[in-house]
Amino acid sequence: MYTAQDWPIACNMLSFGNKAPDGGHIKDAPASVWAGQLRQVAELGFTHIDPTDAWVPLAALSDERVEEFRATLQGEGLSISSISMTRNSVVDKEFGERNLADAHRLIDLAPTFGATIVNTGFMQATTPEQNEQIWFWLVDGHQDDPALRDLAIERIRELGDHAKTNGIGLSLEMYEDTYVGTPDDAVAFVTDVDHEAVGLNPDLGNLVRLHRPMPHPTEMYEKVLPHSNFWHIKNYTRDFDPATGSYSSAPMPLKYGYVNYRQVIRRAIELGYTGPFCCEHYGSDSIGVCAENRDYIRQVLTSALA
């Protein structure tokens with residue numbers, strides 16, 4: 001069991017994107033480019049990162065470059081607590097088998113970095129229409145095919161077997177219009193997978209930001225927290241005008257958004273949550289907000305664990 005001070009709370013490297021300064025993919029960039037971005041996170045007091053494949057896709061690196069990445073990470077005084085796959089569904093109709101192979105490689109790499117979780121999900125690439133918006137979630141994107149749900153269960157169970165063998169967990173990120181797109185769907189899916197190494201990532205920020213009807217966060221978290229083993233944590237404002245039927249939402253630090261995370265984190269601890277946290281934020285100074293969120297989480301944990 002972690003203490004409030006050593007509980008792994010990572011910064012997601014998502015905000016740096018995957019383009020190097022020279023315009024190429026960051027996976028092909030010199031290690032000095034990785035170091036410069038990692039250093040910005042370390043300077044904010046982070047000790048852990050999540051090297052999402054939306055930044056440097058570790059599964060796509062050669063063994064030699066993985067070791068170069070490892071040395072760079074250590075040189076900046078950072079560790080990895082989780083590795084997230086982003087928009088690389090294992091049942092993508094075109095790339096599903098490749099994504100499955102990448103997930104297996106990450107499950108092999110994770111323990112060598114000290115990571116205890118590989119996070120995946122069923123979200124897929126944003127659409128051209130989504131990419132034209134200020135915030136991509138303002139327009140509906142990919143929707144999972146119900147006909148592929150059994151295949152999804154089979155492949156997640158396969159990954160769960162591998163994760164268990166390697167002594168780590170597999171987490172499924174909640175995301176709208178996927179097999180784990182609502183609390184009820186997420187609980188049903190993870191129950192059908194029925195694997196001790198597989199849990200949920202209750203990233204309900206992905207749902208709170210949507211401009212559609214939504215249950216209250218307290219109700220949603222009560223359903224999914226008992227099944228959760230990892231947590232992408234972020235917050236948003238949320239408003240609804242019944243006179244016009246219009247919604248609004250925007251990213252906010254944990255302390256100030258719609259979700260009362262002091263209440264939710266304390267409830268998670270009551271229910272036995274022991275997984276890592278990974279701070280995320282969209283827009284503005286994302287990593288700076290993540291650092292504030294990390295400190296907020298530690299204070300809440302200090303109180304909850306007292």
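This report walks through helix packing, empty spaces and two unusual loop residues in a predicted model.

## Helices α3 and α5

Let us start with helix α3, which covers residues 96-109, and helix α5, which covers residues 149-165. Their axes lie 10 Å apart, and the packing angle is about 15 degrees. Angles under 35 degrees count as roughly parallel, so α3 is roughly parallel to α5. The crossing of α3 past α5 is right-handed.

Which residues of α3 and α5 meet? From α3 come Gly96, Glu97, Leu100, Ala103, His104, Ile107 and Asp108. Their partners in α5 are Arg155, Glu158, Leu159, His162 and Ala163. Sorted by class, this contact holds 5 nonpolar, 3 polar and 4 charged residues.

## Helices α5 and α6

Helix α5 also meets helix α6, which is made of residues 183-193. Here the axes come within 9 Å and cross at roughly 60 degrees. The two helices are therefore oblique to each other. Once again you can look for the handedness: α5 passes α6 in a right-handed crossing.

On the α5 side, the contact uses Arg149, Ala152, Ile153, Ile156 and Arg157. On the α6 side, look for Ala188, Phe189, Asp192 and Val193. How many polar residues does the contact of α5 with α6 have? There are no polar residues in this contact, which has 6 nonpolar and 3 charged ones.

## Helices α9 and α10

Now move along the chain to helix α9 (residues 261-270) and helix α10 (residues 286-305). Their axes come within 10 Å, with a crossing of roughly 50 degrees. That angle makes α9 oblique to α10. The crossing of this pair is right-handed.

Five names to find in α9 are Tyr261, Arg262, Ile265, Arg266 and Ile269. They make the contact together with Tyr296, Ile297, Gln299, Val300, Leu301, Ser303, Ala304 and Leu305 of α10. By class, the contact has 9 nonpolar, 2 polar and 2 charged residues.

## The largest pocket

How can we find the gaps in a structure? Rolling a probe the size of a water molecule over the atoms shows where empty space is left. In this model, the largest pocket holds about 240 Å³ of space.

The lining of the largest pocket is made up of 19 residues. Which of them lie nearest its centre? They are Leu14, Thr86, Arg87, Phe136 and Tyr282. The lining as a whole is mixed in class, with 7 nonpolar, 6 polar and 6 charged residues.

## Two cavities

A search of the whole structure turns up 2 cavities of 30 Å³ or more. The largest cavity holds about 40 Å³ of space. Around it you will find Asn12, Leu14, Ser15, Cys279, Glu280, His281, Ser286, Ile287 and Cys290. Helix α10 gives the largest share of this lining, with 3 residues. Divided by class, the lining has 4 nonpolar, 4 polar and 1 charged. Leu14 may look familiar: this residue of the cavity lining is also one of those nearest the centre of the largest pocket.

The second largest cavity has a volume of about 40 Å³. Its lining is formed by Arg87, Gln124, Ala125, Thr126, Gln130, Gly141, His142 and Tyr175. These residues divide into 2 nonpolar, 5 polar and 1 charged.

## Two residues with positive phi

Where does Arg87 sit in the chain? Arg87 is in the loop between strand β4 (82-84) and helix α3. Although Arg87 is not a glycine, its phi is positive, at about 60 degrees. You have already met Arg87 twice: in the lining of the second largest cavity and among the residues nearest the centre of the largest pocket.

Ser284 also has a positive phi, about 50 degrees, without being a glycine. To find Ser284, look in the loop between strand β11 (277-279) and helix α10. Helix α10 itself has appeared before, both in the packing with α9 and in the lining of the largest cavity.

Note on methods
Residues numbered from 1 in each chain as written. Predicted model: local features only at pLDDT ≥ 70, side-chain atom pairs only at ≥ 80, totals over all residues. Heavy atoms only, no water. Axes fitted to C-alpha atoms, helices over the stretch in contact; angles between N-to-C directions. Helix = DSSP H or I, 4+ residues; strand = E, 2+ residues; numbered from the N terminus. Parallel < 35°, antiparallel > 145°, perpendicular 65-115°, else oblique. Left-handed = near helix turned anticlockwise from the far one by under 90°. Contact = heavy atoms within 4.5 Å. Nonpolar A, V, L, I, M, F, W, Y, C, P; charged D, E, K, R; others polar. 1 Å grid on protein atoms, 1.4 Å probe; cavity = no way out; pocket = protein on both sides within 12 Å on 5 of 7 lines; lining within 4 Å. Points joined across faces, edges and corners; volume = space filled by probe spheres on them.
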